[in-house]
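Colleague: I should like to learn how to read the features of a protein model. May we go through one together?

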Amino acid sequence: MKSLKIALDWTPNANHIGFYVAQQMGFYKNTGIDLQIIHAGEDHYKTTPAKKVELGLVNFALCPLESVMSYQTKAIPFSLQAIATLFKGDLSAIVCKSSSGIKSPKHLDGKSYASYKARYEDAIIKQMIINDGGSGTIEVQYPAKLGIWNTIENNQVDATWIFMNWEGVIAQQQGLDLTTFKLKDYQIPYSYSPVIVVDSNTIKEQESIYSNFLNATKLGFIYAQENPDQAAQILKPHLPEADKSIDLMKCIKITCEAIGDKKSWGIMEPSRVNEFLKWLQEHQLENHNLKADSLFTNSLLTHH
């Protein structure tokens with residue numbers, strides 16, 4: 001058995017369903033992999049998942065594709081590369097409480113936003129406001145990452161970025177009306193999040209094991225798509241206490257609508273990544289000559 005570790009981008013939630021299902025159903029074991037799943041709650045996000053890859057603490061991590069751009073362009077670049085995306089579509093949105101009276105992004109001028117400190121995040125929010133006719137003067141705050149949703153619930157901030165298949169469902173259950181803004185509706189060609197990343201220098205020698213890992217993960221997601229109730233039972237014991245009452249079936253169904261099918265799972269479109277890169281350059285957010293093919297590879301998904 002080959003021992004591998006993955007660092008999740010958050011505490012366990014519906015985005016991670018495929019990993020827990022594949023682990024529980026023995027899909028990893030069947031390909032000779034013993035997978036250890038590490039989540040962000042274990043160290044309260046002290047070390048980001050991507051950083052854990054750089055430090056050699058884990059083989060894989062989940063993060064937005066922007067983190068890959070960040071690592072490849074820092075002062076001492078690191079060869080982080082995405083090998084699969086969990087979702088074809090963007091399940092995230094910028095949200096605020098409907099009771100706040102914020103009807104569109106331009107109304108976020110002068111309001112507060114809870115940021116995860118992700119690369120380009122604050123700039124994306126400001127540009128979204130500008131694209132909607134505002135001036136982009138939003139006040140950005142940086143609460144503890146895992147407590148960001150609570151800052152919206154408790155009216156400490158006006159807006160933040162959430163996953164509709166998780167916090168979106170929590171809000172609905174609480175009877176909390178949210179106004180949501182999708183990036184694509186405001187001319188922001190966002191790419192992929194989260195993606196599975198590795199140190200690209202390890203790909204050559206680990207090619208078949210990484211490929212097996214992705215295949216087993218895909219089977220986990222497809223299984224969840226076909227058996228949401230069983231998938232919910234598998235995920236539930238892993239959830240933080242505070243999330244145990246969530247409507248998991250609903251979360252899993254929304255999640256699995258976005259994963260594609262057996263043939264297309266995980267595959268990233270170069271055109272979509274290039275469009276986002278071009279957008280970043282046009283808005284002077286990035287002046288590097290990054291190319292889609294350095295940021296990700298689909299080769300491990302098609303390797304047999």
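Colleague: With which residue does R119 form a salt bridge?

Modeller: This is a predicted model, and every value is computed from it. To find a salt bridge, one looks for a side-chain nitrogen of Lys or Arg within 4 Å of a carboxyl oxygen of Asp or Glu. Here R119 forms a salt bridge with E286, and their closest N and O atoms are 3.0 Å apart. R119 lies in the loop between β6 and α5, while E286 lies in the loop between α11 and α12, so the pair ties together parts that are 167 residues apart in sequence. R119 is partly exposed, with a relative accessible area of 26%, whereas E286 counts as buried at 5% relative accessibility.

Colleague: How many salt bridges does the count come to?

Modeller: The count comes to four salt bridges. One of them joins E54 and K74, at 2.9 Å from N to O. E54 belongs to helix α3 and K74 to the loop between α4 and β4, so this pair ties together parts that are 20 residues apart in sequence. Both residues are partly exposed: E54 has a relative accessible area of 24%, and K74 has 27%.

Colleague: Which residues are joined into one network by salt bridges that share partners?

Modeller: K51, E54 and K74 are joined in this way. A further salt bridge links K52 with D43, with the closest N and O atoms 3.4 Å apart. K52 counts as buried at 8% relative accessibility, and D43 is partly exposed with a relative accessible area of 24%.

Colleague: What is the nearest side chain of opposite charge to E66, and how far away is it?

Modeller: The nearest such side chain is R119, at 9.2 Å; E66 is buried yet has no salt bridge. A charged residue without a salt bridge should still be checked for other partners. The side chain of E66, a residue of helix α4, makes a polar contact with the side chain of Y190 at 2.9 Å. Setting aside residues up to four places away in sequence, E66 touches R119, Y120, Y190, Y192 and F276.

Colleague: How should I read the pairing of strands, and how many bridges join β1 to β2?

Modeller: One reads which strands are joined by bridges and in which direction they run. Six bridges join β1 (residues 2-7) to β2 (residues 33-38), and these two strands run parallel. Within this pairing, L4 has L35 in β2 as its bridge partner. Strand β1 is also joined by two bridges to β3 (residues 60-63), again in parallel. There, I6 stands opposite F60.

Colleague: Which residues of helix α5 are buried?

Modeller: An α-helix has 3.6 residues a turn, so residues three or four places apart point the same way. In α5 (residues 121-131), the buried residues are E121, D122, I124, I125, Q127, M128 and I129. The elements covering them include β5, β6, β7, β8, β9 and α11. The helix is followed by G133, whose phi is positive, near 100°.

Colleague: Where does a positive phi occur in a residue other than glycine?

Modeller: Most residues other than glycine have a negative phi, and most peptide bonds are trans. H44 has a positive phi near 50°, and its place is in the loop between β2 and α3. K117 also has a positive phi, near 65°, and is found in the loop between β6 and α5. H44 is exposed, with a relative accessible area of 66%, and K117 counts as exposed at 61%.

Colleague: Which peptide bond is cis?

Modeller: The bond from S193 to P194 is cis, with omega near -10°. P194 is located in the loop between β9 and β10.

Colleague: How many helices and strands are there in the protein?

Modeller: The protein has 13 helices and ten strands. Its radius of gyration is 19 Å, close to the 19 Å that the globule rule gives for 304 residues, so the protein is as compact as a globular protein of that length. Buried residues make up 54% of the 304 residues. Among contacts with a separation of 6 or more, 79% are between residues 24 or more positions apart.

Terms used. Residues numbered from 1 in each chain as written. Predicted model: local features only at pLDDT ≥ 70, side-chain atom pairs only at ≥ 80, totals over all residues. Heavy atoms only, no water. Pairing = 2+ DSSP bridges. Helix = DSSP H or I, 4+ residues; strand = E, 2+ residues; numbered from the N terminus. Buried < 20%, exposed > 50% of the residue type's maximum accessible area, 1.4 Å probe, protein only. Lys, Arg positive; Asp, Glu negative; His and termini not counted. Polar contact = N/O pair within 3.5 Å; in protein donor to acceptor, adjacent residues only side chain to side chain. Contact = heavy atoms within 4.5 Å. Rg over C-alpha atoms; globule rule 2.2 N^0.38 Å.
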